[in-house]
Amino acid sequence: MENQYYQKAIETMSREDMESLQSERLVKQVKHVWDNVPYYRHLMEEKGVSPEDIKGIEDLHKLPFLTKDDLRDQYPYGLLATDLDNCVRIQSTSGTTGRRVVAFYTQKDVDLWEECCARALTAVGAGKGDVCHVSYGYGLFTGGPGLNGGSHKVGCLTLPMSSGNTERQLQFMMDLGSTILCCTPSYAAYLGESLKEAGYKPEDNTLKAGIFGAEPWTEEMRRDIEKSLGIKAYDIYGLTETSGPGVSFECQAQSGMHINEDHFIAEIIDPDTGEVLPLGSKGELVFTSITKEAFPLIRYRTRDITVLSREKCSCGRTLVKMRKPMGRSDDMLIIRGVNVFPSQIETVLLKEGYAPHYQIVVDRENNSDTLDVYVEMNPESFSDVVKDIEEDATKLASAMKTMLGIKPKVHLVAPKTIERSEGKAVRVIDKRKLHD
């Protein structure tokens, strides 16, 4: 299949022209944020930098970082860079202690985000005549709305399925001839299994490609999905904080994700020192949004560990590529597409009257993430009556679901049975094999 582009002039732009465009947009964006976001202006003043010091991308390193803590502390309006009257949308993700991160969008922000998603769809061969089956969640989660808008832009017939109701998913997929599937990799794997259980072979469906993101997945899982659905499976990356999916996307070379550099400047830093590392180094990914109007984040620390590459790509795109994230520089877990922090679980335990002695075990069964939380019962409320323990565990699991957005399996264990550590407590055991 020949290479396709949604905006060829930008996607194949020369390095010199791209850097000139980035510099122009960065200078304008820094002034916009300085004038409209008192919190960020204060951070800049603390660092002794003003808009006049930023002449182009070579000065980016002079600017202060933003972190998820800043976003949480400034909830809801502290980082808004335009009048609320100009905003048409919010999207949201959970914060570390249940305090949500809310991102605002003007109509222009929505249009540019959808263009980024349209580039991702076009890169996998989507266009007029395709049926784009979007099984990411809709609502506050960015997956559904982003790919839905991108699908409209490229002229696909869009099926806004959202997640769940697998029987209906399969019915529409087969009856309407879905050709492009967009969802989390674990749900794609589940749909593949469900089709097989319903008596279908991979060649019976009309799917040709899938765009899967929002959670970590391995090359092994990619091959399994490709085999079970009879498709090519592509990765996509994004964060609610920077707009949503479409910050970067895989092309048919499947050798890393192209970053939409006309909208996002990427840096790799040492997570401990904040020092900018040279191209090809492994470190923490930092993004600067240079076209966002309502919620422009400058030097936002993603906490994702990756590597950037400018090796020539067979697809013809000149956009820098990032490797699939290889881990985190914080303790966040991504489970079934949902961001989970151990501190959120601890918050629930303390609120419900438990001591913070717990262990989180994450695993993957049949390509779907499992979340088990082991919690010590208090000596004073310890009971060996199975019915009482089960009731308490069910209540705790419900409270955690309210906080996390997904329901863990809670195991209440006897006091003093979770191993104590003199150093940093081993709170999380992640048994998923996420790296080859």
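This is a short talk on helix 7, the nonpolar cores and the cysteines of one structure, and the model is a predicted one.

Let me start with helix 7. This helix runs from residue 166 to residue 175, and its buried residues are Thr 166, Gln 169, Leu 170 and Met 173. Looking down the axis of helix 7, you find these buried residues within an arc of 95°, so they line one face of the helix. What do they pack against? The partners are strand 3, at 131–134, strand 5, at 180–183, and helix 8, at 185–197. On the face turned away from the buried side, helix 7 carries the exposed residues Glu 167 and Asp 175.

Gln 171 is also part of helix 7. With a relative accessible area of 43%, Gln 171 is partly exposed, because that value falls between the 20% limit for buried and the 50% limit for exposed. For a sense of distance, take Gln 171 and Asn 3: they are 168 residues apart in sequence, and their C-alpha atoms are 31 Å apart in space. Just after the helix ends, Gly 177 takes a positive phi of about 70°.

Now the cores. In soluble globular proteins, nonpolar side chains tend to be buried together. Here the largest nonpolar core has 57 residues. Which residues have the most contacts inside it? They are Tyr 40, Leu 63, Leu 121 and Cys 182. Helix 5, residues 107–123, gives this core its largest share, seven residues. A second core, separate from that one, has 25 residues, among them Val 373, Val 375, Ala 397 and Met 403.

Leu 121 is worth a look on your screens. Leaving out residues up to four places away in sequence, Leu 121 touches Ala 126, Cys 132, Leu 147, Gly 150, Ser 151, Val 154, Ile 180, Cys 182 and Ile 211.

Last, the cysteines. How many disulfides does the structure hold? The count is zero. Take Cys 116 and Cys 117 as a case. The cysteine sulfur closest to that of Cys 116 is in Cys 117, at 6.9 Å, which is too far for a bond. Going the other way, the sulfur of Cys 117 has its closest cysteine sulfur in Cys 116, again at 6.9 Å. The cut-off for a disulfide is two sulfur atoms within 2.5 Å, so this pair does not qualify. Are these two residues buried or exposed? Cys 116 counts as buried, at 2% relative accessibility, and Cys 117 is buried as well, with a relative accessible area of 0%.

Conventions: Residues numbered from 1 in each chain as written. Predicted model: local features only at pLDDT ≥ 70, side-chain atom pairs only at ≥ 80, totals over all residues. Heavy atoms only, no water. Buried < 20%, exposed > 50% of the residue type's maximum accessible area, 1.4 Å probe, protein only. Helix = DSSP H or I, 4+ residues; strand = E, 2+ residues; numbered from the N terminus. Arc of directions from axis to C-beta. Contact = heavy atoms within 4.5 Å. Core = buried A, V, L, I, M, F, W, Y, C linked by side-chain atoms within 4.5 Å.
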